[in-house]
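Here is a short tour of a two-part model, written for someone who likes cut-offs spelled out. Have the sequence and the coordinates open as you read.

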Amino acid sequence: MKFVIAIVKPNKVDDVHNALVALGVKGMTVSEVRGYGRQRGHKEIYRGAEYQIDFVPKAKIEIAVDDAEVQRVVEAIGRSASTGKIGDGKIFVFELAEAIRIRTGETGSAAL
Amino acid sequence: MMPALDSGNTAWMLTSTALVLFMTIPGLALFYGGLVRTKNVLSVLMQCFAITSLVTVLWVAVGYSLVFTPNPSPGLNAFIGGLDKALLIGVHRGALVGTIPESVFAMFQLTFAIITPALVIGAFAERVGFGAMLLFMALWSLVVYVPVAHWIWGGGWLQQMGTLDFAGGIVVHVSAGVAGLVTALYVGRRRGYPATPMPPHSLTLSVVGAGMLWMGWFGFNAGSALMANGTAGMAVAVTQISAATGAMVWLFIEWRRHGRPSVLGIITGAVAGLATITPASGYAGPGGALVIGAVAGAICFVGATTLKRRAGYDDSLDAFGVHGVGGFVGSVLTGVFASAAAGGSETFAMGRQVAVQLLACCTTAGWSAVMTWLALKVADVSLGARVDEEQEVAGLDLTDHEERGYDY
């Protein structure tokens, strides 16, 4: 099993979600985060005091997938989250040691 | 013939009382509250509510009497009033001040006594403990607001000299603004200031608060006419003109300087215009209001930006930069624009009047500065004014009140 973490632009979450649902992905977790890669932050001014705000709002999507599915999932995320501009985000793939469904106690792929 | 109760005037003054209270809770509370960081929003709201309650009790106990009743000794009366109406004894249902019930007059004046210390909290926001703040405000109300109000509105020496302060440019804004500067210098800068960004956590709240202040200011200025008449009407007009002009001037200065007009800028400009017209609001004409508003937008802009940053003090929410500077400038300009020669309602020698206004501003500023320092010293020694580093980092909402402003 693999665990996929995708950092995407907040306004792309719905597109990514729709693409994953179309693939048959059965669940995911989305959180609001801040961060930056190559995208520089922005400037804010309050009563003449200028601040450089480095962190940019992003969304983090976390999904547990079967090994067989991970290629398609990664492609779907990449396609749906892309705008072609700096700040589109990144996708990370981790090895997932175990997954457990809390209600039934199922483990492994059956829990996904 | 003694004036009888005028129900029109009374209705207006009842309304004005509510309008000016509205300026503190929740107007100023939201305006200031939105400007601080999330972890301190409750502390600001709490300070406004607490000051409202505290000052009410002190006002009823001794404040009203000390401002508005004469001292038995005429010599002392130049400086402070008497205790004839302590606990509002004698202020019964039938008692009148002019054509309105004395109860209404006393409550209307109370709302000014409330908002003046509330303005000061902007200077030391995010770093002073609640207990010390409460003690400081109790002392400050009694040793700064009460005497100054008596000097200028209660028959004291500055009023006798002919000082013109229609609605509190000196009594409210100069005294509070200078007190703000002194407290900001005394407690020192916030941890991390000015390098760390501390943007307002909710400009949305601040805009709501600013709108409430603008609207409430009609009660503040036009209510100070104590009558529903032409003076009140013109006060509404000049208040509106000055607020709007202040807002536009600040907006355009900022647009030019920083490339973008900002929401914080426009609301601050409006408040600057409102504060600066306050002393002249019952005397100036529309032309004077245009000038005063424009000057307010420009000078308070400097006060809240360049001056503050060059001098290095952390007047967190610009109590001095906007109210202190605006009140001072507006009060001096009153010496010009209150005059019939400049479109105003009064007749006097302009040169002498400006000098009197300057004297009133400077003595009030000086008195406020010294007594503020003393009051804060007492609060500091007894209870510790500045919170420690851990508390400041965690935020006053949690450390002083064990509450969170937002629970989502």
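Let us begin at a proline: B:Pro194 sits in the loop between α7 (169-187) and α8 (203-222) of chain B. Helices here are DSSP runs of H or I with at least four residues, strands are runs of E with at least two, and both are numbered from the N terminus. The peptide bond that leads from B:Tyr193 into B:Pro194 is cis, its omega being near 0 degrees.

Before going further, some housekeeping. Residue numbers start from 1 along each chain as its sequence is written, while chains are lettered from A and ligands numbered from 1 in the order in which they are written. The model is predicted, and local features need pLDDT of at least 70, side-chain atom pairs count only at pLDDT 80 or more, and totals for chains, interfaces and linings use all residues.

**Backbone details**

Chain B has another cis peptide bond, between B:Ile25 and B:Pro26, with omega about 5 degrees. B:Pro26 belongs to helix α1 (residues 7-35) of chain B.

Several residues have a positive phi, and the table puts them side by side.

| Residue | Phi | Place |
|---|---|---|
| A:Gly24 | near 95 degrees | loop between α1 and β2 of chain A |
| A:Arg47 | about 45 degrees | loop between β3 (42-46) and β4 (49-53) of chain A |
| B:Gly155 | near 95 degrees | follows α5(B) |
| B:Glu402 | about 50 degrees | segment after α16 (396-401) of chain B |

Neither A:Arg47 nor B:Glu402 is a glycine. For their surroundings, a residue is called buried if 20 or more other C-beta atoms lie within 10 Å of its own, exposed if 12 or fewer, and partly exposed in between, with C-beta atoms placed from the backbone. A:Arg47 counts as buried because it has 21 C-beta neighbours inside 10 Å. B:Glu402 is exposed, since 7 other C-beta atoms lie within 10 Å. A:Gly24 is exposed too, with 9 other C-beta atoms within 10 Å. The C-alpha atoms of A:Gly24 and A:Glu69 are separated by 9.8 Å, although these positions lie 45 residues apart along the chain count.

**Chain A**

Chain A contains 2 helices and 6 strands, arranged along the sequence as β-α-β-β-β-β-α-β. Its radius of gyration is 17 Å, well over the 13 Å that the globule rule gives for 112 residues, so chain A is more spread out than a compact globule. That radius is taken over C-alpha atoms, and the rule is 2.2 Å times the number of residues to the power 0.38. The C-alpha trace spans about 60 × 30 × 20 Å along its principal axes, and 18% of the 112 residues count as buried.

Two residues are in contact if their C-beta atoms, placed from the backbone, lie within 7 Å. Among the contacts in chain A with a separation of 6 or more, 70% come from residues 24 or more positions apart.

Which residues of helix α1 (residues 13-23) of chain A are buried? They are A:Val13, A:Val16 and A:Leu20. Seen down the axis of α1(A), these fall within an arc of 65 degrees, so they line one face of the helix; the arc is that of the directions from the helix axis to the C-beta atoms. They pack against β1 (2-8), β2 (29-35), β5 (56-65) and α2 (67-81) of chain A. On the other side of α1(A), the exposed residues are A:Asp14, A:Asn18, A:Val21 and A:Ala22.

**Chain B and the cores**

Helix α5 (residues 130-153) of chain B bends by about 35 degrees at B:Trp140, where the bend is the angle between axes fitted to the seven residues ending there and the seven starting there. This helix is mostly covered, with 17 of its 24 residues buried.

A nonpolar core is a set of buried Ala, Val, Leu, Ile, Met, Phe, Trp, Tyr and Cys residues joined through C-beta atoms within 7 Å. In the largest one, of 138 residues, B:Tyr32 and B:Leu213 touch the most other members. Leaving out residues up to four places away in sequence, B:Tyr32 touches B:Val44, B:Ile121, B:Gly122, B:Ala125 and B:Leu317. Another core, of 15 residues, lies apart from it and includes A:Ala6, A:Val16, A:Ala59 and A:Ile61.

**Where the chains meet**

The contact takes 13 residues from chain B and 8 residues from chain A. On the chain B side, α10 (263-277) and α12 (306-311) are the elements that give two or more residues.
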